[in-house]
Amino acid sequence: MEKEKIHLEYVFEKVSKNILWNHLTTPTGLSDWFADDVSVNGSNIFIFSWNKATQEAECLSSSHLSYIRFKWLDDEDDTYYFEFRIHTVELTGDTALEITDFVEPDEKKETINLWDSQIKILRRTLGI
């Protein structure tokens, strides 16, 4: 079954791009909200751990303070990835986080709920 691309956007008031960027790209930052533990093997393989499960993702590309794109290594289809993209909302000056992910059509609602839950943790971590 082909996966469906989803785009989610979350707005963060009074959060600098630098602080958000560190939470999206460093093992320490990602361990605060995305996984129980994160480490980096070499320069571009991130190892994510949840309870006793471990999953590896390759950082495919990034641009400082703009975006970072990962691909799960166990996903055989090279067209699928997940991406965090940061931009400034023009009207308000707030910082926005866009997430792109690929999901099985029957898991779309569950995946969106999971991202919403993770972002709530990120907001608490950021103190907002």
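A residue counts as buried when its relative accessible area is under 20%, and Tyr-80, at 10% relative accessibility, therefore counts as buried. Keep that cut-off in mind as you go through this model, which is a predicted one.

**Stop 1: Tyr-80 and its partner ring**

Select Tyr-80, whose place is in the loop between β5 and β6. If you leave out residues up to four places away in sequence, Tyr-80 touches Glu-2, Lys-3, Lys-71, Asp-75 and Phe-102. One of these, Lys-3, is 77 residues away from Tyr-80 in sequence, yet their C-alpha atoms are 8.0 Å apart in space. Now add Phe-102, which is buried, as Tyr-80 is. The ring centres of Tyr-80 and Phe-102 are 5.2 Å apart and their planes stand at 50 degrees, so the pair is described as tilted. Because Tyr-80 belongs to the loop between β5 (67–72) and β6 while Phe-102 belongs to strand β7, this pair ties together parts that are 22 residues apart in sequence.

**Stop 2: Phe-34 and the aromatic cluster**

The structure holds 20 aromatic pairs in total. For one of them, select Phe-34 and Trp-50, which meet edge-to-face, with 6.1 Å from centre to centre and 65 degrees between the planes. The two residues are 16 residues apart and come from distant parts of the chain, since Phe-34 sits in the loop between α2 and β2 (37–41) and Trp-50 in strand β3 (residues 45–50). Phe-34 is buried at a relative accessible area of 10%, whereas Trp-50, at 26%, is partly exposed.

Next, show what surrounds Phe-34: not counting residues up to four places away in sequence, it touches Phe-48, Trp-50, Trp-72, Phe-82, Phe-84, Trp-115 and Gln-118. Then widen the selection to the cluster that ring pairs link together, which consists of Trp-33, Phe-34, Phe-46, Phe-48, Trp-50, Phe-70, Trp-72, Phe-82, Phe-84 and Trp-115.

**Stop 3: Phe-84 and the nonpolar core**

Which residues touch the most other members of the largest nonpolar core? Among the 30 residues of that core, they are Phe-34, which you have already visited, and Phe-84. Select Phe-84, which lies in strand β6 and is buried, with a relative accessible area of 1%. Apart from its neighbours within four places in sequence, Phe-84 is in contact with Leu-24, Leu-30, Trp-33, Phe-34, Ser-66, Tyr-67, Ile-68, Phe-70, Leu-97, Glu-98, Ile-99 and Trp-115. If you draw a distance from the C-alpha of Phe-84 to that of Glu-98, you should find 5.8 Å, although the two residues are 14 residues apart along the chain. In soluble globular proteins, nonpolar side chains tend to be buried together.

**Stop 4: Helix α3**

Select residues 108–126, which form helix α3, a run of 19 residues that reaches 27 Å from its first C-alpha to its last, close to the 27 Å expected at 1.5 Å a residue. Colour Thr-111, Trp-115, Gln-118, Ile-119, Leu-122 and Leu-126, which are the buried residues of α3. When you look down the axis of α3, these buried residues fall within an arc of 105 degrees, so they line one face of the helix. What covers them includes β1 (4–12), α1 (17–25), α2 (27–33), β6 (82–88) and β7 (95–103). On the face of α3 turned away from the buried side, look for the exposed residues Lys-109, Glu-110, Lys-120 and Arg-124. Just after the helix, stop at Gly-127, which takes a positive phi of about 80 degrees.

**Stop 5: Charges over rings**

Select Arg-123 together with Phe-12, where the arginine lies over the face of the ring at 4.5 Å from the ring centre. Then move to Arg-69, whose charged end sits over the ring of Tyr-81, 3.8 Å from its centre.

**Stop 6: Two loop residues with positive phi**

Where is Asn-51 found? It is in the loop between β3 and β4 (53–63), and it has a positive phi of about 50 degrees although it is not a glycine. With 76% relative accessibility, Asn-51 counts as exposed. Finally, select Leu-65 in the loop between β4 and β5, which has a positive phi of about 65 degrees and is likewise not a glycine. Leu-65 is partly exposed, at a relative accessible area of 25%.

Terms used:
Residues are numbered from 1 along each chain as its sequence is written. This is a predicted model: local features need pLDDT of at least 70, side-chain atom pairs count only at pLDDT 80 or more; totals for chains, interfaces and linings use all residues. Side-chain values use heavy atoms; hydrogens and water are left out. Helices (H or I, at least four residues) and strands (E, at least two) are DSSP runs, numbered from the N terminus. The expected span of a helix is 1.5 Å times one less than its number of residues. Buried means under 20% relative accessible area, exposed over 50%, partly exposed in between (1.4 Å probe, protein chains only). The arc is that of the directions from the helix axis to the C-beta atoms. Contact means heavy atoms within 4.5 Å. A nonpolar core is a set of buried Ala, Val, Leu, Ile, Met, Phe, Trp, Tyr and Cys residues joined through side-chain atoms within 4.5 Å. Rings of Phe, Tyr and Trp (its six-membered ring) pair if their centres lie within 6.5 Å; planes under 30 degrees apart count as stacked, over 60 as edge-to-face and the rest as tilted. A charge sits over a ring if NZ of Lys or CZ of Arg is within 6 Å of the ring centre and within 35 degrees of the ring normal.
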